[in-house]
Amino acid sequence: MPGNIVLIMRFHPVGGEDVTVVSEDFGGEREALEAIAQALDERRSLVLTQARYGRETGHSGVIINLANVVAVRVSKTDSAATGQYM
């Protein structure tokens with residue numbers, strides 16, 4: 001989608017390690033956080049169409065089951081000190 005930016009999304013599941021997804025599905029951090037919050041409220045998965053896991057190359061569709069996710073960080077940079085947790 002034109003105008004979308006690259007966002008690093010870190011999902012922290014209950015009792016597991018963080019999963020990092022790089023996504024170009026959103027126009028900014030706020031839009032991504034709103035989509036994640038809506039999916040959580042509706043108890044549904046988050047569907048990303050322009051995403052990849054961690055450092056993989058190429059984009060693909062990714063479905064994130066948010067049922068066991070306790071925290072999400074969204075930022076424009078890949079740093080543990082940046083971004084917002086929900």
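Two strands are said to pair if DSSP finds at least two bridges between them. In this predicted model, strand β3 (residues 46-53) and strand β4 (residues 60-64) meet that criterion, since they pair in the antiparallel sense over 4 bridges.

Two positions help to locate this pairing. Val47 of β3 has Ile63 as its bridge partner in β4, while Ala51 stands opposite Ser60. The two strands form a hairpin with 6 residues between them. Within the turn, Gly54 has a positive phi of about 45°.

Strand β3 also pairs with strand β2 (residues 19-23). These two strands run antiparallel and are joined by 3 bridges. Here Ser23 has Ala51 as its bridge partner in β3. Ala51 thus appears in both pairings, with Ser23 as its partner in β2 and Ser60 opposite it in β4. As a guide to viewing such strands, the side chains of a regular strand alternate between the two faces of the sheet.

The confidence of the prediction should be considered alongside this arrangement. The chain averages a pLDDT of 86, and 88% of the residues score at least 70. Confidence is highest in helix α1 (residues 29-41), at 95, and lowest in strand β6 (residues 84-85), at a mean of 46. Over residues 82-86 the pLDDT is below 50, although this stretch has 22 contacts in the model beyond near neighbours in sequence. Where pLDDT is low, the predicted coordinates should not be read in detail.

How values were computed
Residues are numbered from 1 along each chain as its sequence is written. This is a predicted model: local features need pLDDT of at least 70, side-chain atom pairs count only at pLDDT 80 or more; totals for chains, interfaces and linings use all residues. Side-chain values use heavy atoms; hydrogens and water are left out. pLDDT is the predictor's confidence in each residue, from 0 to 100. Contact means heavy atoms within 4.5 Å.
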